[in-house]
Amino acid sequence: TNNENLQNKQGSKVRALASFENVRDMTIENLTFHNTTPQGGSQAEALRIDPGEHISIRHSNFISRQDTLLLSGTVHVLDSYVEANVDYVWGKGTAYFERCELKTVGRPGWNVQARNPADRFGYVFVDSTLSADPEASGPLLARIDAKRFPASHVAYVDCRMAAALDPRGWEITPPGTTDTKGVRFWEFGSMDLDGKPLDTKKRHPAVRRLTRTEAAATRDKRHVFGG
């Protein structure tokens, strides 16, 4: 176990269970990273990649409670499982999640906090499942402080979502923020866990529903990663 409190508030560079810096062409496969820091025990990543280029993560599990995955650089995550509840996928990179499950447990929280710059994509989820246990009623897909990170990008394309999800789906802070023109919160083809179309009429007004053409481009990994 490792966490922010254990490391005397020194930040994300030292609190992750496993940490990689300035790596390229790395593959993580068939592994489980479990940070056993309990609920309320502060920020505690299971895996930190900051930064990494051309990183492939496959058939792996990531379990913690807060800030579980810190991914910066370019990362492809395939057929993997992530379990947590507060900002549990975050960073300033471009990460493409394909056929993954993100499960909110213990309490409601936020799946993603993306801090990417305006010239690149952020966190894209395709053909993935967002589930929740009974104690986690009302989780949100993402949140961002639009004043600090005005270009935040998160996209969900053809994903299945638990009924427990807050119908607003997304959150922008500080409360009352109206300048959201740079924020890229995107959604397309959202379904319930049975595969039926999800009612998204109550989504946060800053969310943009993609067209089929835009969704197809967002599904294209080469387009997301820029080549």
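A residue is called buried here when its relative accessible area is under 20%. That cut-off is handy to keep in mind for this predicted model, and it returns several times below.

## The chain as a whole

Let's start with the overall picture. The protein chain has three helices and 20 strands. Its C-alpha trace spans about 45 × 40 × 35 Å along the principal axes. A compact globule of 227 residues would have a radius of gyration near 17 Å, and the protein chain, at 16 Å, agrees with that.

Buried residues account for 54% of the 227 residues. The accessible surface of the protein chain is about 10,200 Å², and carbon and sulfur atoms contribute 50% of this area. As for charge, there are 30 positive and 28 negative side chains, with the centres of the two sets 3 Å apart. Of the contacts between residues at least 6 apart in sequence, 62% join residues at least 24 apart.

## Strand E16 and its partners

Now for a closer look at one strand. Strand E16 covers residues 153–157, and five of its five residues are buried. In a regular strand, side chains alternate between the two faces of the sheet. On one side of E16 are His153, Ala155 and Val157, on the other are Val154 and Tyr156, and all of these are buried.

Which strands pair with E16? Strand E13 (residues 123–126) does so in the parallel sense over four bridges, and strand E19 (residues 184–188) pairs with E16, also in the parallel sense, over five bridges.

E13 is covered on both faces as well: Tyr123 and Phe125 on one side, and Val124 and Val126 on the other, are all buried. E13 also runs parallel to strand E10 (residues 94–98), joined by four bridges. Val126 thereby appears in two pairings: opposite Val157 in E16, and as the bridge partner of Glu98.

The table lists individual bridge partners, including one from the sheet described further below.

| Residue | Bridge partner | Strand of the partner |
|---|---|---|
| Tyr123 | Val154 | E16 |
| Val126 | Val157 | E16 |
| Glu98 | Val126 | E13 |
| His153 | Arg184 | E19 |
| Phe33 | Phe62 | E6 |

## Ala151, just ahead of E16

Ala151 sits in the loop between strand E15 (140–145) and strand E16 (153–157). Is Ala151 buried or exposed? Its relative accessible area is 11%, so Ala151 is buried, given that the cut-off is under 20%.

What does Ala151 touch? Setting aside neighbours within four places in sequence, Ala151 is in contact with Asn116, Pro117, Ala118, Gly182 and Arg184. Arg184 is 33 residues away from Ala151 in sequence, but their C-alpha atoms are 6.6 Å apart in space. Arg184 is also the bridge partner of His153, which links this loop contact to the pairing of E16 with E19.

## A six-stranded open sheet

Strands of a sheet pair through backbone hydrogen bonds, either parallel or antiparallel. One open sheet in this model has six strands in the order E4-E6-E8-E11-E14-E17, with parallel pairing. Its edge strands are E4 (32–34) and E17 (160–161), each of which pairs on one side only.

At the E4 end, three bridges join E4 to strand E6 (residues 61–63), and the two run parallel. Within this pairing, Phe33 has Phe62 in E6 as its bridge partner.

Key: Residues are numbered from 1 along each chain as its sequence is written. This is a predicted model: local features need pLDDT of at least 70, side-chain atom pairs count only at pLDDT 80 or more; totals for chains, interfaces and linings use all residues. Side-chain values use heavy atoms; hydrogens and water are left out. The radius of gyration is taken over C-alpha atoms; the globule rule is 2.2 Å times the number of residues to the power 0.38. Buried means under 20% relative accessible area, exposed over 50%, partly exposed in between (1.4 Å probe, protein chains only). Contact means heavy atoms within 4.5 Å. Accessible areas come from the Shrake-Rupley method with a 1.4 Å probe; for residues, only the protein chains shown count as cover. Lys and Arg count as positive and Asp and Glu as negative; His and the chain ends are not counted. The place of a charge is taken as NZ of Lys, CZ of Arg, CG of Asp or CD of Glu. Two strands pair if DSSP finds at least two bridges between them.
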